[in-house]
Amino acid sequence: MALTEIKFAPGIDKQDTAVGAFGRWVDSDNVRFRYALPEKVGGWASLLNQTIVGVSRKMLPFVDLTGNRYVAIGTDKFLLIYFEGQLFDVTPWRSDSAGAQITFTSSTLSTDSTTTKQCTITTSTNHGLIAGDMIVLDAVTLPSGTGLSDADFEDKLFQVLTAPTPTTFTIDSLNQATAIVTTGGSMTVEPYASIGPASQTYGYGFGVGQYGGTVPGASITTINNSGAFNAGATSVVLTDSSVFPASGTLLIGNELMTYTTNTTGTNTISGITRGQFGTSDVTHADGTTVTNATDFTGWGSAVLASTITLEPGLWSLDNYGDVLVATIANGKTFTWDSSIAARLSTRASQLTPGFETTNNPVASRATLVSPTTRHLIHLGTCITINDEDTQDDMFLRFSTIEGINEYDIKATNTAGSFRLQDGTKIIGALNAKETILIWTDNALYTMKFVGAPFTFGFEQVGTNCGLIGKNAAVEIDGIAYWMSNNGFFAFDGTVKSLPCSVEDYVYDDIDTTKGQQITAGLNNLFTEVVWWYPTQGSAFNNRAVAYNYTNEGQQIVTGIWYTTTNQNSIRTSWSDALIYPKPYATKYNSSSTGTFPTVIGESGLGQSVLFEHETGTDQINPDGTTTILTSFVQSYDVALQTDQGVGEYFLSMNRFLPDFKTLTGNCTFTLNVSDFPQSTPTNSNLSPFIITSSTNFVSTRARGRYASIKIENTGAGENWRYGTLQVDLRPDGRR
């Protein structure tokens, strides 16, 4: 019988059934569509033989005025610079209100064990550290008899393991102590700026996040019990109980407890019921902070996951000429000057000469630099600049032109502020040519320079189209594409909902409470936007969905979409080819250990690998080994169309002609058949077939009411791009 040509429209259709998705592909992995044809994606290679400690969530490639190229990388623990094949740690120190580095001098150390490396450091004042924070030790003089040397600690980076009291914390030493030695010696503790957790979680209960919500300025004191407040104890002596009501609720550490009596004459709280609201009854050390939780909202009732979450550590990164502007989400803004000679050994700071940020708001959800006017814009920031308790998630302010440290609004400058209305918080923003796009969790606004007296004008251009996460939007040629909590959108002057042929597949399983972990990447060479996102039950991103925005194939009313589940392909940050000729991206593995920076006592931080994309056919790892990059595309279920209807007759397939635009190495061609729409497809006789560039035709014997094809590669060095299916089909009777 004559050959029949079967063409497939580009993209994946998961909205319909495998039978109903007529003329479409229905599943894919590591495949893109270019000029309407499916092909394996390009490979990637590690740029370093090192791996990054922690999870990278933001990258910014930029070039200085002398042509040097850099990539700023913001992780949940560090701010790093990639330059000429090397990484440099420029993470800012923790700083005070004047921008000066915070240190804890005259700290002491004790060795806790001769079988573990754990040591305890005691500070003279409250250190404010939590488990996972990073510290450097300086001017180290150890107590005698430890068996350790000062060099084991001097200028070394340590991870804080626990912080049992406000003045003590534990670390692991580089080597094992030979004796248990009580507190002694002397050293200076230099904490890194704290960025945030690796993942985003519900705010259920204490220890994860706020239960309901705290009250700004809640009264606090400390335990003054002349000894620990033991688990099960029903009374406790405080330093000053008069700041608390006659009865109510206390928060000590992560434990909530109610009480009935406050005897202020002796500063004694009694009638205590321990371990309330799902918290645990545990022992608390003398000196532990005690907070009045009586007026915290939500006690005794479930808290909506959509309203209380603990966001991951995020950065806003932008450049101001030679200068990198880096803002910790809900934290301070720092700068790093690439023009100075000692740039690679100088940390980002609020005191960078000529680019100070000490007058910037002390807490902002995001920042960006206006590209034409060079204002530094703070989004979701403080109404009172130096008071983080006044942070308003819908309020924004901007510096004067060419003055990133001047925010006082005067008749003689262009500084200003504005409050958006639609939504509960600003999520993110992008520059789109001469317009700044600002998303809340419900709406889209434009911000345009209009000149004096208002400087910027604001217009709401969309509602019910909010951004799901800070890094879930991209822009190309003035058009923005983004992911919302309820669909995909584009803005080209008008907000448009993007028809999506995989929408149910994505949104039926996405974990929208981890929206701040979602990363969007633009790969302009292949006219595609990719979103990497976490599904229900996954702590980190584990799937990807891509949209091809090319004009080719736009007769497909549901758009050209494709999906990926291969874990080697999942990314947490991405930058398109611009400063560098290929896209750069990071892959995170929570169960592996990073190697840069060197962190003593590193535990549970995971590792990120920096890859260059669209190079080769496979994954080249930091140690030079190769991981095979597999891929596949699966077609809809083809049925014979006769005068009696579709699927009335079984089909018989005797041969097919491979039609590959590109084929390097082998490609596996699987022919599946089934008798009914809900039947599990099975391989036809002789299938699967190994196709090479010299394969002219393939003889087969396949029979069924429906038939589908799967094209895939499973070996290293393989690459393919598929064309049209030419197959010998004929009716084979009824059943």
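Reader: How much space lies in the largest cavity?

Author: The model is a predicted one. It holds four cavities of 30 Å³ or more. The space in the largest cavity comes to about 250 Å³.

Reader: Which residues are the closest to the centre of the largest cavity?

Author: Four strands each supply at least two residues of the lining of this cavity: strand 4 (31–34), strand 45 (528–533), strand 46 (543–548) and strand 47 (560–564). In total, 21 residues line the largest cavity. The closest to its centre are Val-41, Glu-528, Val-530, Trp-532 and Thr-564.

Reader: How many charged residues does the lining of the largest cavity have?

Author: The lining of the largest cavity divides by class into 10 nonpolar and seven polar residues, with a further group that is charged. Glu-528, listed among the closest to the centre, counts as charged because Asp, Glu, Lys and Arg make up that class. The number of charged residues is four.

Reader: How many charged residues are in the lining of the second largest cavity?

Author: The second largest cavity has a volume of about 50 Å³. Its lining consists of Ile-6, Val-638, Met-653, Ala-707, Ser-708, Ile-709, Leu-725, Val-727 and Leu-729. Strand 62 (706–713) and strand 64 (725–731) each give at least two of the lining residues. By class there are eight nonpolar and one polar, and the charged residues number no more than that list allows: no charged residues.

Reader: Which strand gives the largest share of the lining of the second largest pocket?

Author: The second largest pocket has a volume of about 1300 Å³. Its lining has 47 residues, and Lys-58, Leu-60, Leu-430, Asn-431 and Glu-475 lie nearest its centre. Elements that give two or more residues include strand 8 (56–63), strand 36 (426–432) and strand 40 (473–476). The largest share is seven residues, and it comes from strand 8.

Reader: How many nonpolar residues are in the lining of that second largest pocket?

Author: The lining of the second largest pocket divides into three classes. Polar residues number 13 and charged residues nine. The nonpolar residues number 25.

Reader: Why is the pair of Tyr-547 and Trp-561 tilted?

Author: The whole structure has 32 aromatic pairs. In this one the ring centres are 4.6 Å apart and the planes stand at 40 degrees. Planes under 30 degrees apart count as stacked and those over 60 as edge-to-face, so an angle between these limits makes the pair tilted. Tyr-547 and Trp-561 therefore form a pair with planes at 40 degrees, which is tilted.

Reader: Where in the chain are Tyr-547 and Trp-561, and how many residues apart?

Author: The pair links distant parts of the chain. Both Tyr-547 and Trp-561 are buried, and both belong to a cluster linked by ring pairs, with Tyr-481, Phe-488, Tyr-507, Trp-531 and Tyr-549. Tyr-547 is in strand 46 and Trp-561 in strand 47, 14 residues apart.

Reader: Phe-656 and Phe-689 also form an aromatic pair; what is the angle between the planes?

Author: Phe-656 is in strand 56 and Phe-689 in strand 60, 33 residues apart. Phe-656 counts as buried at 0% relative accessibility, and Phe-689 counts as buried at 9%. The pair is edge-to-face, with 5.6 Å centre to centre and an angle of 70 degrees.

Reader: Over the face of which ring does Arg-32 lie?

Author: Arg-32 is linked with Glu-528 and Glu-614 in a network of salt bridges. Arg-32 also lies over a ring face, at 3.7 Å from the ring centre. That ring belongs to Phe-526.

Reader: How many residues apart in sequence are Glu-402 and Arg-374?

Author: The structure holds 17 salt bridges. One of them joins Glu-402 and Arg-374, with the closest N and O atoms 3.1 Å apart. Glu-402 lies in the loop between strand 34 and strand 35, and Arg-374 in the loop between strand 32 and strand 33, so the parts tied together are separated by 28 residues.

Reader: Is Asp-392, which forms a salt bridge with Arg-419, buried or exposed?

Author: The closest N and O atoms of Arg-419 and Asp-392 are 2.7 Å apart. Arg-419 counts as partly exposed at 37% relative accessibility. Asp-392 has a relative accessible area of 13%, so this residue is buried.

Methods:
Residues are numbered from 1 along each chain as its sequence is written. This is a predicted model: local features need pLDDT of at least 70, side-chain atom pairs count only at pLDDT 80 or more; totals for chains, interfaces and linings use all residues. Side-chain values use heavy atoms; hydrogens and water are left out. On a 1 Å grid over the protein atoms alone, a cavity is a set of points where a 1.4 Å probe fits but cannot get out, and a pocket is an open set with protein on both sides within 12 Å along at least five of seven lines; lining residues have an atom within 4 Å of a point. Grid points are joined across faces, edges and corners, and a volume is the space filled by probe spheres set on the points. Rings of Phe, Tyr and Trp (its six-membered ring) pair if their centres lie within 6.5 Å; planes under 30 degrees apart count as stacked, over 60 as edge-to-face and the rest as tilted. Buried means under 20% relative accessible area, exposed over 50%, partly exposed in between (1.4 Å probe, protein chains only). A charge sits over a ring if NZ of Lys or CZ of Arg is within 6 Å of the ring centre and within 35 degrees of the ring normal. A salt bridge is a side-chain nitrogen of Lys or Arg within 4 Å of a carboxyl oxygen of Asp or Glu.
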